[in-house]
Amino acid sequence: MSDTSKNATLRIGDSSYELPIHSPTAGPDVIDIRKLYGQAGVFTYDPGFTSTAACDSTITFIDGDKGELLHRGYPIDQLAAKSHYLEVCYLLLYGELPSAAKLEEFETTITHHTMIHEQMHNFFRGFRRDAHPMATMVGVVGAMAAFYHDSTDINDPRQREVASHRLIAKVPTIAAMAYKYSIGQPFVYPRNDLDYAANFLHMCFAVPAEEYVVDPILARAMDRIFTLHADHEQNASTSTVRLASSSGANPFACIAAGIACLWGPAHGGANQACLEMLKEIGSPENIPEYIARAKDKDDPFRLMGFGHRVYKNFDPRATVMKQSADEVLDLLGVENNPVLATAKELEKAALADPYFSEKKLFPNVDFYSGIILEAMGFPTAMFTPIFALSRTVGWISQWKEQLADPQMKIGRPRQLYRGETTRDYVDIENR
Ligand code: CMC
């Protein structure tokens, strides 16, 4: 925790309490209320954690007003343009960009952990064919704890490191297997001669009957999607991973918890929901009807891929994703894509509408990612698994940071209880 030189004074009735203020390297000051309950006997109330910093972190910083996202200080647009996913993984995990030798060693390690225990193949076969791949992933990633006993001791630094490498390496294999299983095709083993993104495309799209050559431009676009989703500080799924980990749970259980949380349409499930929405809108002339529905308080419909808890300006990832969408569709020779045309018109119409500008609702990362993934050949059900595999490194980096933090305690929020006070049990015949 940073040094404090400032205090906040809280007055409750005639009593006042001095609360230390911590100054971060970037972002707003933080009032330290850890001793508040002990001293004043009150809780703070913040459902949705809109004003609560739950941990110290040095990994990722977002300035939502500027639309800035930094990993270990490096802007996401620079990383997306100049770096690649495994280098960003190293940066997130270890704090610095690697030397050429360190990067080679890291890539070799990850590459040599991509196969999963052969017995796990049988485990897949227990799922229904029509299971959503996210359901399969929650189960199989959690089940890694049953297959990799030698990396579940969170108190052993070497085991923690091996678990980190295994998760980064094997989650893409599991995601690809979940996909292959859902379409009734044989599993495709990882290939060590391919890079991380190309290997994932190969595991998803190759079949034993013929050769599949990965297009390097598509592999680059895939790698950029992974990079753009790698980490996003204390979002819902990351906080879920930290909360699960605070009890001392093993890393595979914690990441499975993160995947479960990511699945929801307000979080990682938004990319699937966004593409489905764009298809439902169908063509630009229907946009006004959907904009009106999104603004109507009595209609639960929201513009998917719009709005963000932290960004009150453009999501910098969306800007890169939009360029990527143009490049990929161009490469694939997809001209006049109606979904992309609808997306561009919808973005224009929403940005011109005071409802969205006043509430600072801008396109987020999910607005364009689904268009790229669909053009690459992925069905909508695979969009969130791809988000999950990309985010695994972020979850693991935050998990590792939390375990090394001497201030770590089990996460245990309190509540504003509004239920009944003590009352006597009533026998069933008297109710
Ligand atoms: N369409 C229409 N209205 C919206 C939208 C939207 N997409 N998002 C927020 N609003 C309105 C909302 O109705 C509320 O209005 P009012 O103040 O009049 O009640 C106001 O804007 C603030 O919304 P909120 O729900 O209080 O804001 P939040 O910070 O709790 O929610 C959000 C953030 C991302 C859940 C929300 O914007 C949303 O549901 N967006 C659509 C889903 C989506 O695209 N999610 C992906 C997020 S980015 C990827 C990720 O992190 O996983």
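Which helix supplies the largest share of the lining of the second largest pocket? In this predicted model, the answer is α9, with three residues. Helix α9 spans 216-228, and it is joined by α4 (100-111) and α8 (196-205), each of these helices giving at least two residues to the lining. The pocket itself holds about 210 Å³ of space. In total, 13 residues line it, and those nearest its centre are His84, Glu107, Asp195, Tyr196 and Ala197. Sorted by class, the lining splits into five nonpolar, three polar and five charged residues.

Next comes the ligand. There are 21 residues around it, and the ones that come nearest are His267, Leu303, Gly305, Arg309 and Lys359. By class, this shell has 10 nonpolar, six polar and five charged residues. Oxygen atoms of the ligand turn up in several polar contacts. From the side-chain side, a polar atom of His267 sits 2.5 Å from a ligand oxygen, while a polar side-chain atom of Arg302 is found 2.9 Å from an oxygen of the ligand. With Gly305 it is the backbone that takes part: one of its polar backbone atoms is 2.8 Å from a ligand oxygen. As for burial, the ligand taken alone exposes 940 Å², and the protein buries 75% of that area.

Then there is a piece of β structure worth walking through. Three strands make up an open sheet in the order β4-β5-β6, and the pairing is antiparallel. The edges are β4 (60-63) and β6 (74-75), each of which pairs on one side only.

Take the β4 and β5 pair to begin with. These two strands run antiparallel and are held in register by four bridges, and Asp63 stands opposite Glu68 of β5. The hairpin that β4 and β5 form has four residues between the strands, and Gly67 adopts a positive phi near 75° there.

On the other side, β5 (residues 68-71) pairs with β6, again in the antiparallel sense, over two bridges. Leu70 has Pro75 of β6 as its bridge partner, and His71 stands opposite Tyr74, also in β6. The hairpin linking β5 and β6 leaves two residues between the strands, and Arg72, in the turn, has a positive phi of about 50°. Both hairpins, then, contain a residue with positive phi: Gly67 in the hairpin of β4 and β5, and Arg72 in that of β5 and β6.

Conventions
Residues are numbered from 1 along each chain as its sequence is written. This is a predicted model: local features need pLDDT of at least 70, side-chain atom pairs count only at pLDDT 80 or more; totals for chains, interfaces and linings use all residues. Side-chain values use heavy atoms; hydrogens and water are left out. A residue is near a molecule or strand if one of its heavy atoms lies within 4 Å of it. A polar contact is a pair of N or O atoms within 3.5 Å; within protein, one must be able to donate a hydrogen and the other to accept it, and residues adjacent in sequence count only if both atoms are side-chain atoms. Accessible areas come from the Shrake-Rupley method with a 1.4 Å probe; for residues, only the protein chains shown count as cover. Ala, Val, Leu, Ile, Met, Phe, Trp, Tyr, Cys and Pro count as nonpolar, Asp, Glu, Lys and Arg as charged, and the others, Gly among them, as polar. On a 1 Å grid over the protein atoms alone, a cavity is a set of points where a 1.4 Å probe fits but cannot get out, and a pocket is an open set with protein on both sides within 12 Å along at least five of seven lines; lining residues have an atom within 4 Å of a point. Grid points are joined across faces, edges and corners, and a volume is the space filled by probe spheres set on the points. Two strands pair if DSSP finds at least two bridges between them.
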